[in-house]
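Welcome! Please take a moment to look over the sequence and the 3D view, and then we can walk through how two parts of this protein meet.

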Amino acid sequence: MTLPRLVAPATVDPAATAALRTEVRAFLADQRAAGAFTPGVDSWLTGWDESFTAALAARGWLGMTVPTEFGGAGRTHLERFAVTEELLVAGAPVAAHWIADRQIVPALLKYGTDEHKHRYLPAIAAGECFFGIGMSEPDSGSDLASVRTRATRVDGGWSLSGTKLWTSGAHRAHAFIVLARTEAVDTTDRHAGLSQFIVHLDTPGVEVRPVVSMNGQHHFNEVILDGAIVPDSAVLGVIGDGWHQVTSELSFERSGPERLLSTFILLTHLTEAMAADQLPRDATLGRLVARVAGLHQMSAAVATALERGERADLPAAVVKVLGTTTEGDIADFADTNTGDDMTAAPGLTDMVAAAVDQRPGFTLRGGTNEVLRGVIARGLGMR
């Protein structure tokens, strides 16, 4: 099953984008034939494979929106969107570079210094530098205004102390961007006084502790900052402007195709099994396919807005809420409609089990859907 063609803006050549998709599909078919990867559910979180990342980098499919002067391909957001969709549809192992390519690249391009750009962007595009995100904290969840990690001014830099939680890939990444409070809480504006820092995970005073899931897998981490000293050059953007920066970055985190395609490879297997009469016919499956097709258009529209430099935090929140709900509904449908013995559809049972395991996280990561519904309601009320 493939995704429908989206209607591209006049600045994008649809034929070139279609050719790019064809190229990516051929690459993925070759990789599968060579046994380079086994398709998996939620592969952008669970599929850490640095060799696969290097293969993508060699083809110019990392750092695609990074200008060539910083080692990137200088391509459009919609071209990157096409590549990332094809990778997710195939269940390819892209976790190693995902956060750096999705979120850190635009943050560095918008808020980074020339030193930041020259230091990190070429390495990200080469598949040699991996990042995590240090936003969530214990007892904070999606309420980033309640961040308690503190950054205190010291001679020549900053001392960071606090705890970050659910930091994906921190045990393998090189650095992460930390949201910290640089001023006392202002009761009239809880969003004031926040700043961002680039912190290398091998910095003295930084400890990464594993958070192992109930299924025994390790993707998340708790990161303890105990007086970790970073130089002034580690500041990302402007001191005190962290809230504005974070909300801008969340448009990239919440609107991407990974918010609706985490279980697409499972959906593909379900449609194939049902077409082969290995599963009973159920119209619900068709409705799920239709929902994904609609969300594909919505996510592409956000990518188009980002290409134009427009603010997209509200539509990104809508995509995230609807997309992650659909991902979970696919997992639930599969769990309900497949039995323990699926010998007629090899691999489906394991994929269903993985989807059910990962399902609770779909609507939590990137901001819980309950919180995002409030963001959407407030945003619509202001219009």
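## The buried area

In this predicted model, domain 1 and domain 2 bury about 1500 Å² between them. Carbon and sulfur atoms carry 69% of that area. On the side of domain 1, the residues that lose the most area to domain 2 are Leu45, Trp48 and Phe130, and together they make up 33% of what that side buries.

## Where the domains sit

To place this interface in the chain, it helps to see the whole division: domain 1 covers 14-130, domain 2 covers 133-240 and domain 3 covers 245-380. The centres of domain 1 and domain 2, taken over C-alpha atoms, are 25 Å apart.

A UniProt record (an unreviewed entry) places the feature "domain: Acyl-CoA dehydrogenase/oxidase N-terminal" at residues 18-128. Over residues 18-128 the chain is 64% helix and 0% strand, and 28 Å lie between the end C-alpha atoms.

## Contacts across the interface

Counting residues in contact gives 17 from domain 1 and 19 from domain 2. Between the two domains there are five residue pairs in polar contact, while the rule finds zero salt bridges across their interface.

## The side that domain 1 offers

Which elements give two or more residues to the side of domain 1 that touches domain 2? They are helix H2 (43-46), helix H5 (95-111) and helix H6 (114-125). H5 provides the largest share of that side, with six residues. By type, the residues on this side of domain 1 are ten nonpolar, four polar and three charged.

Terms used:
Residues are numbered from 1 along each chain as its sequence is written. This is a predicted model: local features need pLDDT of at least 70, side-chain atom pairs count only at pLDDT 80 or more; totals for chains, interfaces and linings use all residues. Side-chain values use heavy atoms; hydrogens and water are left out. Domain bounds come from an automatic or database domain assignment. Contact means heavy atoms within 4.5 Å. Buried area is the accessible area (1.4 Å probe) that two parts lose on being put together, summed over both. A salt bridge is a side-chain nitrogen of Lys or Arg within 4 Å of a carboxyl oxygen of Asp or Glu. A polar contact is a pair of N or O atoms within 3.5 Å; within protein, one must be able to donate a hydrogen and the other to accept it, and residues adjacent in sequence count only if both atoms are side-chain atoms. Helices (H or I, at least four residues) and strands (E, at least two) are DSSP runs, numbered from the N terminus. Ala, Val, Leu, Ile, Met, Phe, Trp, Tyr, Cys and Pro count as nonpolar, Asp, Glu, Lys and Arg as charged, and the others, Gly among them, as polar. UniProt positions are given in the numbering used here, feature names are shortened, and annotations may be inferred rather than shown by experiment.
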